[in-house]
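Colleague: Could you take a close look at the largest nonpolar core for me, and then follow the chain outwards from there? I'd like one connected story rather than a list.

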Number of protein chains: 2
Amino acid sequence: MQVRDMGEFGLIARLMGEAKARDGVVVAIGDDAAVVEVTLGYRVVFTCDCMVEDVHFLRKAPGYDIGYKLMASNISDIAAMGGRPRYGVVTLITPADEEVAWLEDIYTGIKACAAQYGCQVVGGDTSRGPKVVLSVALLGEVLPGREMLRSGAQPGDLVCISGPLGASHAGLQVELGRIDASAACASEARLRHFRPVVPVDLALALGELGCRCANDISDGLASEAQEIAVASRVGVELDSALLPIAPEAQTIALALGEKPEDYALYGGEEYALLFCLPPSLAAEVCVRYPAVRFIGRVTEGDGVLLLHQGERERLRAAYTHFD
Amino acid sequence: MQVRDMGEFGLIARLMGEAKARDGVVVAIGDDAAVVEVTLGYRVVFTCDCMVEDVHFLRKAPGYDIGYKLMASNISDIAAMGGRPRYGVVTLITPADEEVAWLEDIYTGIKACAAQYGCQVVGGDTSRGPKVVLSVALLGEVLPGREMLRSGAQPGDLVCISGPLGASHAGLQVELGRIDASAACASEARLRHFRPVVPVDLALALGELGCRCANDISDGLASEAQEIAVASRVGVELDSALLPIAPEAQTIALALGEKPEDYALYGGEEYALLFCLPPSLAAEVCVRYPAVRFIGRVTEGDGVLLLHQGERERLRAAYTHFD
């Protein structure tokens with residue numbers, strides 16, 4: 001069945017399913033806007049993130065994966081601010097001849113990821129357009145003072161990462177057909193690309209412990225470290241030997257004759273958390289969260305330097321959408 | 001200059017301008033997400049609305065108008081729930097060869113409309129794509145119990161409209177070239193189409209006075225009255241003789257040999273407020289807001305009937321995006 005066979009209201013009903021008002025949702029889908037509760041005394045964290053056919057995904061890609069990843073990227077933005085993700089709205093642009101079943105899969109993925117992190121889809125908008133475009137806007141909440149900002153790094157802080165790097169970029173190589181899907185690590189890498197695990201609990205714990213600087217690394221580690229350096233007016237020194245490279249990145253990069261370290265530094269669409277905090281706190285965090293790795297330090301300089309076998313190298317800029 | 005000449009970060013900086021954190025904005029543009037304050041004890045009203053090139057606007061159309069109208073449509077959704085609009089995020093999809101100046105005009109329009117209603121743009125996302133797509137997600141706030149829902153109509157209520165109808169649809173005929181731009185009422189009608197006035201103050205007053213049912217008429221009066229009838233499980237009877245038809249609709253419909261009443265009933269993209277309330281309250285509202293008109297009543301039936309010279313006619317369904 002195609003979109004035009006259902007009409008706009010039928011499509012919305014099909015995609016959204018039963019609108020259950022629960023967990024703080026006063027009014028869900030089916031009115032001019034949703035009405036939701038924010039915990040008394042909390043601030044609201046607010047973000048949006050989009051995905052475009054032929055740019056972020058191909059039409060043949062499994063809808064569930066597309067939707068899951070889109071919601072994960074938004075949840076990651078909320079978590080990287082120290083917030084708890086709570087409510088989302090979804091904008092869908094689609095051609096009238098699009099298959100409803102595929103769009104349903106996308107929405108199932110969106111809602112599954114939302115549920116995974118205790119979050120609900122409460123509304124949205126649909127329109128026709130030449131290609132499928134999806135945008136999610138997400139609300140979270142944070143206690144005043146617990147925000148983790150790009151501008152919160154201080155010289156002397158340690159730089160940490162929530163877990164292994166580069167697997168998402170390795171998965172992209174599988175998706176692009178550069179690596180055979182049956183090769184070693186291929187299916188694991190693909191999963192890391194499409195079903196990112198967002199360290200929401202770690203992020204909330206960091207905010208509570210007193211960490212004041214975090215960034216997700218959706219544009220790649222190098223780029224996001226650079227953002228922290230600029231916003232905090234500090235330098236960031238990363239130690240090549242300390243970067244935790246995911247086994248999928250190691251295997252697939254080597255199979256393609258590429259450098260695993262580049263996957264870790266420049267591979268985007270990854271939702272690990274990069275954060276900076278005083279050494280005393282960092283020690284506590286590393287004990288409580290064994291996947292966390294210390295990868296460098298904050299200095300009084302500027303920009304991002306990579307220490308590599310005793311040499312210091314200034315890191316190059318990273319991916320942007322229009323270059 | 002084209003988008004690809006600036007790169008993504010340059011484009012964002014240019015479009016968003018200086019990120020001023022004021023009026024409840026703790027963290028604005030430039031981090032993973034925005035952080036904003038909601039007034040203590042209020043609920044959050046949350047909506048999104050999009051516009052697509054060649055569907056909602058043409059590339060040649062003035063950017064300012066496109067942006068202004070997009071934000072107005074979101075503000076209208078918040079107001080129709082009884083909420084005060086506060087914070088927005090903007091998703092922009094654009095080809096890399098798009099003119100930056102036109103996109104800047106769109107953002108200027110978005111921000112101008114936001115400022116008009118005491119609202120701020122606090123973040124967003126950009127990506128490339130084959131056509132320009134814009135989506136705004138907007139947050140407002142409402143005191144618990146003051147929400148105005150589609151499901152809030154009661155038999156015996158009067159049905160009211162915030163002001164004259166049909167001017168936006170008349171303006172669309174000008175935009176489509178069916179009416180010469182120098183014809184009588186043409187420029188006024190065009191302005192009503194692209195710079196809708198959203199009755200936010202009226203909506204807030206209605207919520208405070210005890211009105212519990214409202215809907216904006218962005219899909220046209222007939223369609224939105226139908227939504228109230230279905231959600232409230234009531235009938236709605238509109239009186240043709242009482243519909244306040246805008247002079248622009250009157251003039252342009254007649255010039256095209258069409259029925260002004262059809263413009264009023266089915267012309268969408270109009271941001272008047274349709275609301276239902278007990279007769280005693282309605283009288284008070286009509287005195288305080290002279291543009292408000294009583295146009296019908298809520299009954300125990302179902303669907304929407306139009307009274308026309310003593311005859312009752314059941315209204316047909318309205319515009320949807322995929323039919």
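**The core and what surrounds it**

Modeller: Of the 226 residues in the largest nonpolar core, the ones touching the most other members are Ala34(A), Phe46(A), Phe275(A), Ala34(B), Phe46(B) and Phe275(B). Keep in mind that this is a predicted model. As background, nonpolar side chains in soluble globular proteins tend to be buried together.

Take Phe46(B) and see who it meets. Leaving out residues up to four places away in sequence, Phe46(B) touches Ala33(A), Ala34(A), Val36(A), Tyr87(A), Val89(A), Val122(A), Gly123(A), Leu139(A) and Leu139(B). One of the names there, Ala34(A), is itself among the core members that touch the most others.

The backbone tells a matching part of the story. Strand S2 (residues 34–36) of chain A runs antiparallel to strand S3 (residues 43–52) of chain B, and three bridges join them. Within that pairing, Val36(A) sits opposite Val44(B) in S3(B).

Now zoom out to the whole interface. Here 62 residues of chain A are in contact with 62 residues of chain B. On the chain A side, strand S3 (residues 43–52) gives the largest share, nine residues. Sorted by class, that side has 33 nonpolar, 14 polar and 15 charged residues.

How do the two chains relate? In general, a rotation about an axis and a shift along it relate two copies of a chain. In this model, a turn of 180° and a shift of 0.0 Å along the axis lay chain A on chain B with an RMSD of 0.0 Å. The copies are therefore related as by a two-fold rotation axis. The same surface serves both copies, as 100% of the contact residues of chain A recur in chain B.

What about a single chain? Chain A has ten helices and 13 strands, and its C-alpha atoms fill a box of roughly 65 × 50 × 35 Å along the principal axes. Its radius of gyration is 20 Å, which agrees with the value near 20 Å for a compact globule of 323 residues. In chain A, 59% of the 323 residues count as buried. If you take contacts in chain A between residues at least 6 apart in sequence, 82% of them join residues at least 24 apart.

From here, let's wander through chain B, starting with helix H4 (167–175). H4(B) is mostly covered, with eight of its nine residues buried. The buried set is Ala167(B), Ser168(B), His169(B), Ala170(B), Gly171(B), Leu172(B), Gln173(B) and Val174(B). They pack against H5, helix H8 (247–255) and H9 of chain B.

The stretch beyond the helix has a couple of backbone oddities. Just after H4(B), Gly177(B) takes a positive phi of about 85°. Further along, Cys185(B) lies in the loop between H4 and helix H5 (186–194) of chain B. Its phi is near 70°, a positive value in a residue other than glycine. Cys185(B) counts as buried because 21 other C-beta atoms lie within 10 Å, where the cut-off is 20 or more.

Glu269(B) makes a nice parallel. Although not a glycine, Glu269(B) has a positive phi of about 55°. Its place is in the loop between helix H9 (260–266) and strand S10 (273–277) of chain B. Glu269(B) is buried too, with 21 other C-beta atoms within 10 Å.

For a loop residue in chain A, try Leu256(A), between helix H8 (247–255) and helix H9 (260–266). With 13 C-beta neighbours inside 10 Å, Leu256(A) counts as partly exposed. Setting aside neighbours within four places in sequence, its contacts are Gln173(A), Arg178(A) and Ile179(A).

One last stop is strand S9 (residues 235–239) of chain B, which has a covered face of Val236(B) and Leu238(B) and an uncovered one of Gly235(B), Glu237(B) and Asp239(B). That fits the general pattern, in which side chains of a regular strand alternate between the two faces of the sheet. S9(B) is joined by four bridges to strand S11 (residues 293–299) of chain B, running antiparallel, and Glu237(B) has Arg297(B) as its bridge partner there. S9(B) pairs with strand S12 (residues 303–308) of chain B in the parallel sense, over five bridges, and Gly235(B) stands opposite Gly303(B) in S12(B).

Note on methods
Residues are numbered from 1 along each chain as its sequence is written. Chains are lettered from A and ligands numbered from 1 in the order in which they are written. This is a predicted model: local features need pLDDT of at least 70, side-chain atom pairs count only at pLDDT 80 or more; totals for chains, interfaces and linings use all residues. Two residues are in contact if their C-beta atoms, placed from the backbone, lie within 7 Å. Helices (H or I, at least four residues) and strands (E, at least two) are DSSP runs, numbered from the N terminus. Ala, Val, Leu, Ile, Met, Phe, Trp, Tyr, Cys and Pro count as nonpolar, Asp, Glu, Lys and Arg as charged, and the others, Gly among them, as polar. Two strands pair if DSSP finds at least two bridges between them. A nonpolar core is a set of buried Ala, Val, Leu, Ile, Met, Phe, Trp, Tyr and Cys residues joined through C-beta atoms within 7 Å. A residue is buried if 20 or more other C-beta atoms lie within 10 Å of its own, exposed if 12 or fewer, and partly exposed in between; C-beta atoms are placed from the backbone. The radius of gyration is taken over C-alpha atoms; the globule rule is 2.2 Å times the number of residues to the power 0.38. Copies are superposed by least squares on the C-alpha atoms of residues with pLDDT of at least 70 in both.
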